[in-house]
Structure formats: C-alpha cells, structure tokens
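Reader: I'd like a close look at the ligand site here, and then whatever you can tell me about the packing around it. Could you walk me through it in one go?

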Amino acid sequence: MSVALGSPRAELAEELDLLIIGGGIMGLSLAYNLAELAAAPAGRGASKLGTIDPNKIAVVERSYLVSGASGRNGGGLRMQWGDAGNVALMRESIEICRHLAQRLNINLWFRQGGYLFLARTESGERRLHRNVAIHEQVGAPTRLLAAREALELVPELDVSEVRVAAFNPEDGVVFPWPFVWGYAGQAVARGVSLRTHTSVESLEPASGSGYVARLSTGERVRAARVINATGAWSVGINRGLGIELPNHPHRHEILSSEPLKPFLDPLVVDLETGLYFSQSTRGEIVTGITMPDPPGKPTAEGVELGSSLRFLSNVSRALIRVLPVARHLSPLRQWSGPYDISPDGDAMVGPSPDHPALIQVCGFTGHGFMMAPAVGRLLARWLVLGEAHPMLTRWDPCRFRDGRAARREDMIIG
Ligand SMILES: Cc1cc2nc3c(=O)[nH]c(=O)nc-3n(C[C@H](O)[C@H](O)[C@H](O)COP(=O)(O)OP(=O)(O)OC[C@H]3O[C@@H](n4cnc5c(N)ncnc54)[C@H](O)[C@@H]3O)c2cc1C
C-alpha cells in the first residue's frame with residue numbers, strides 16, 4: 001500500500017481558508033479531521049461558521065514528516081491521569097485508536113498491554129490511591145494492585161520497594177510513524193495540500209483580516225486563519241507577531257535496546273524517577289526518564305537534539321533497579337526529541353491573545369501524541385461547527401494573561 005507523504009512540490013492555493021504550520025501529529029490529525037468533516041453527509045460539515053473545503057486547507061512542514069517530536073516519541077497511550085478531564089479525553093482518544101487503522105488504512109501497531117505504574121514512596125502511594133478513586137468515578141477500568149500482583153503481570157520486576165501499583169489494561173503502545181503517515185495520506189486523499197521541506201519564515205497580518213505567510217521558497221500565501229502546530233518551535237512563530245506564551249522547549253532523551261524475545265506486555269512507569277519502559281513489537285526495550293532542564297533560560301532557538309552520556313547512565317541505573325535482567329542488555333539506539341512544556345501542565349489550544357485568527361495547538365509536553373486523535377477531532381469540530389468542548393475552553397492560551405491558569409495534573413511523566 002502506498003500513502004501520500006506530501007511533497008516539496010505540492011501546489012498551494014494563493015488564498016487559503018486555513019494554513020496549518022507544522023506537519024506533526026497535531027497538524028495532520030487536524031487536517032484529516034477537517035477533511036472528514038467536509039466529506040460528512042450534508043448538514044454535518046456545514047454550520048453557521050460555513051462549510052470547509054479541503055482544497056483550501058494546506059499543511060506546510062519545514063522538513064520531512066516525522067522529523068519533529070511526533071517521529072521521536074515512545075508511542076505510549078494511557079488514560080491513567082490524575083485529572084478527570086484528561087482521563088475522559090484519553091478514553092476518547094483510545095477509543096478512536098481502536099478503529100483508526102481501518103480508517104487510515106495503515107497498520108498502527110496498536111497494542112493494548114496496559115500501563116503499570118509503580119509507587120515506591122508514601123506520596124506516590126497517595127497519588128495512585130487518589131487517581132484510582134477519580135478513575136472509578138468516571139468509569140475508567142484502572143485498579144490498584146499489591147506488589148505481588150504487579151509481579152504476576154511482569155515476573156521480571158524487582159518489587160521489593162513497591163508499596164502499591166496501578167494498572168489499566170486498556171492503555172497501550174503504538175508505533176508513531178504510521179500514525180503520522182496515515183493521517184497525512186488520508187488528508188491528502190481528501191484534497192488537503194501537504195507541502196514538505198518548506199518553512200513558514202514569518203506571518204504578517206493581512207489587510208482586512210487573516211495573515212500573509214512568507215515561505216522559505218519565496219512564496220507568499222494568504223490565509224483567513226492559521227494554525228500554529230509547530231510544537232516546540234511554536235515560540236518562534238509567535239514571537240514574530242509579538243505573542244508571548246509561557247511554553248518552552250525541552251530536550252527529552254530516549255533509547256531502545258537490542259531485541260529480546262517478547263516478555264513485557266504493559267508499559268511500566270516508576271513514579272518516583274519518571275522512568276518508563278515498554279517492549280516494542282520488534283522486541284526492543286524502549287525507555288526514557290525524567291531529566292531536568294540544563295541551567296539557563298530555555299529559548300525557542302534552544303530546541304537542541306542529540307544524546308548524552310548522562311542520560312544513558314541515569315536511565316540504565318534506574319532501569320536495572322526496577323528490571324534487574326536489564327543489566328545484561330545493550331543499548332542499540334539513543335536519540336532525543338523536543339518536549340513543548342507548558343508551565344501549568346495543560347496544553348494551549350485556541351485563539352492567541354490579541355490574534356483570534358491565529359490558533360495555537362501547542363504546549364503538549366510529553367503527551368501530545370496520545371492526545372492528538374481526540375484533539376484533532378475536537379478542534380476540527382470547533383473550527384467548523386463552533387462546538388467548544390470543555391477541554392478546549394480550559395486550554396485557552398489566553399488563560400496565562402488573564403490569570404486563569406491552574407495546575408490540575410500530577411501524572412506528567414518524562
Ligand atoms: C522522546 C520523546 C518521547 C515522547 N513520548 C511520548 C509518549 O509516549 N506518548 C505521547 O503521547 N507523547 C510523547 N511525547 C510527546 C509527543 O511526541 C509530542 O507531544 C507530540 O508529538 C507533539 O506533536 P506536534 O505535532 O505538536 O509537534 P511535532 O511533532 O514536533 O511537529 C511540529 C512540526 O512543525 C515543524 N515546524 C517547526 N517550525 C516550522 C516552520 N516555521 N514552518 C513549517 N514547519 C515547522 C517541525 O519540523 C515539526 O515537524 C514524547 C516526546 C519525545 C520527544
């Protein structure tokens with residue numbers, strides 16, 4: 001099967017209804033969902049806001065698809081969050097994922113082996129108890145396990161320090177690349193233009209309304225509305241228009257080991273260190289860990305990739321403590337990608353301060369991949385039908401300026 005992955009030569013209309021900057025999972029999930037709405041039976045894609053024409057939508061990606069965070073992540077999907085809004089959103093995302101391979105006509109390697117959280121301290125134990133109570137209220141199938149029950153799920157674990165564990169069997173892991181390719185292929189098949197290897201150099205307010213985008217090819221494209229889906233690079237696009245949002249990039253490292261015979265079903269998280277590990281369908285152990293920002297104020301120009309010995313040493317020590325058999329493992333590949341960190345842990349999705357026609361879809365820290373199937377759908381419905389989902393209202397980028405930001409989530413890992 002072949003999928004359209006965009007092209008550096010894809011035609012762009014001079015006058016667009018919507019320009020999506022960034023061909024990561026967020027930009028492409030949105031493009032696909034908009035095109036789906038346009039193809040919906042008469043009435044469903046139309047609204048007081050008008051109809052959407054996929055031929056007037058373009059995605060412009062600076063590099064190749066999967067070059068950003070969407071091609072570099074661990075592929076974990078979970079509804080185990082500490083906030084009821086995030087739990088409900090991720091239930092919806094996981095439900096979408098169950099049928100997405102058929103819709104996108106591509107194998108997503110979606111495996112529901114669950115997420116197993118291990119708590120080794122009293123405060124970790126309290127967090128898991130509190131979360132499971134929230135999950136019970138909203139009907140998520142998360143349950144608390146004693147250490148010996150965790151051991152039944154993964155006999156290779158060292159649970160001598162584990163006070164309690166939490167397990168949700170519907171959480172899982174995917175291979176990220178086909179998600180991106182699948183959304184891209186289906187959006188293009190429905191009429192969306194996907195231009196790769198072209199960056200948006202600047203945005204200027206157009207006379208009347210909308211924006212004129214200046215591209216690295218020298219082209220100028222006018223768009224009634226623009227989506228900033230550039231993740232960790234979004235600060236640069238915003239700064240050009242004088243928009244100050246408090247998100248910042250952070251390098252997150254990850255590695256995969258030599259392949260082993262399959263033995264590990266769930267993705268395991270050690271709450272106290274932020275260590276996570278899963279086994280890929282190829283047998284590799286894929287693992288990462290929370291590492292603080294290096295000293296100094298991070299900037300948009302600070303989206304630095306690359307790998308460090310410090311990470312290799314930290315992750316190895318933490319992994320061997322929880323999974324002692326890992327001491328025999330050799331790392332095969334080590335890489336990194338950018339997190340786009342939002343200070344209150346909530347994403348920024350919606351019109352920008354003083355720029356209502358520039359819509360942000362950024363600030364997803366270490367969990368944008370799993371949220372993208374639901375976010376793309378909700379945002380498309382908001383843009384076309386005017387339906388404002390409560391999470392979109394909560395993620396309003398203006399909340400920082402207006403003093404409405406509030407930290408609700410304590411299960412941000414990595
Ligand atoms: C190592 C690692 C592990 C992670 N693990 C997980 C996980 O297990 N589960 C999970 O849900 N999330 C995970 N994440 C987070 C997740 O990958 C991101 O939240 C998500 O991919 C963000 O998608 P995005 O489309 O917003 O950004 P990106 O995928 O970064 O896409 C932004 C795109 O914009 C392009 N761009 C930038 N500037 C311009 C410009 N001026 N013009 C045109 N294009 C431009 C970039 O080239 C890039 O392709 C992880 C991230 C990393 C780095």
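Author: Here's a walk through the ligand site, followed by the aromatic pairs and a few single residues. One thing up front: this is a predicted model.

Let's start with who sits around the ligand. The shell has 38 residues, and those that come nearest are Glu61, Ser70, Gly76, Gly368 and Met370. By character, the shell splits into 16 nonpolar residues, 19 polar ones and three charged ones.

Now for the polar atoms. Glu61, already named among the nearest residues, places a polar side-chain atom 2.7 Å from an oxygen atom of the ligand. The backbone joins in as well: a polar backbone atom of Met26 is 3.1 Å from a ligand oxygen, and for a polar backbone atom of Ile25 the distance to a ligand oxygen is 3.2 Å. As for cover, the ligand taken alone exposes 1,000 Å², and the protein buries 96% of that.

Which elements give two or more residues to that shell? They are helix α1 (25–39), strands β12 (248–257) and β16 (331–341), and helix α8 (368–385). Zooming out to domains, the ligand lies between domain 1 (15–71 + 177–247 + 344–399) and domain 2 (109–171 + 249–339), because both of them give residues to the shell.

From there, on to the rings. The structure holds six aromatic pairs. Take Phe179 and Phe369: their ring centres are 5.3 Å apart and their planes meet at 65°, and since an angle over 60 degrees counts as edge-to-face, that is what this pair is. Phe179 belongs to helix α5 (residues 176–189) and Phe369 to helix α8, so the pair ties together parts that are 190 residues apart in sequence. Both Phe179 and Phe369 are buried. Helix α8 is thus a thread between the two topics: it holds Phe369, and it also gives two or more residues to the ligand shell.

A second pair is Phe364 with Trp395. With centres 5.6 Å apart and planes at 85°, these rings are edge-to-face too, because the angle is again over 60 degrees. Phe364 is in the loop between β18 (355–362) and α8, while Trp395 is in the segment after α9 (390–394); the pair links distant parts of the chain, 31 residues apart. How much of each is accessible? Phe364 has a relative accessible area of 6%, so it is buried, and Trp395 has 1%, so it is buried as well. Buried here means under 20%. Beyond these pairs, Phe175, Trp177 and Trp181 are linked by ring pairs into a cluster.

Next, some single residues. Asn86 is in helix α2 (residues 84–104), and its relative accessibility of 3% makes it buried. The side chain of Asn86 has a polar contact with the side chain of Glu409, at 2.9 Å.

After α2, in the loop that leads to β4 (115–119), you'll find Arg111. Arg111 is partly exposed, at 23% relative accessibility. The C-alpha atom of Arg111 is 5.5 Å from that of Val173, though their positions lie 62 residues apart along the chain. For contrast, look at Leu194 in strand β8 (residues 193–195): the C-alpha atoms of Leu194 and Lys261 are 67 residues apart along the chain and 39 Å apart in space. Leu194 itself is buried, with a relative accessible area of 4%.

Finally, two backbone angles to look at. Val66 has a phi near 65°, a positive value in a residue other than glycine. Val66 is in the loop between β2 (57–60) and β3 (76–77), and it is buried at a relative accessible area of 12%. Asp354 also has a phi near 65°, again positive and again not in a glycine. Asp354 is in the loop between β17 (348–352) and β18, and at 65% relative accessibility it counts as exposed.

Methods. Residues are numbered from 1 along each chain as its sequence is written. This is a predicted model: local features need pLDDT of at least 70, side-chain atom pairs count only at pLDDT 80 or more; totals for chains, interfaces and linings use all residues. Side-chain values use heavy atoms; hydrogens and water are left out. A residue is near a molecule or strand if one of its heavy atoms lies within 4 Å of it. A polar contact is a pair of N or O atoms within 3.5 Å; within protein, one must be able to donate a hydrogen and the other to accept it, and residues adjacent in sequence count only if both atoms are side-chain atoms. Accessible areas come from the Shrake-Rupley method with a 1.4 Å probe; for residues, only the protein chains shown count as cover. Helices (H or I, at least four residues) and strands (E, at least two) are DSSP runs, numbered from the N terminus. Ala, Val, Leu, Ile, Met, Phe, Trp, Tyr, Cys and Pro count as nonpolar, Asp, Glu, Lys and Arg as charged, and the others, Gly among them, as polar. Domain bounds come from an automatic or database domain assignment. Rings of Phe, Tyr and Trp (its six-membered ring) pair if their centres lie within 6.5 Å; planes under 30 degrees apart count as stacked, over 60 as edge-to-face and the rest as tilted. Buried means under 20% relative accessible area, exposed over 50%, partly exposed in between (1.4 Å probe, protein chains only).
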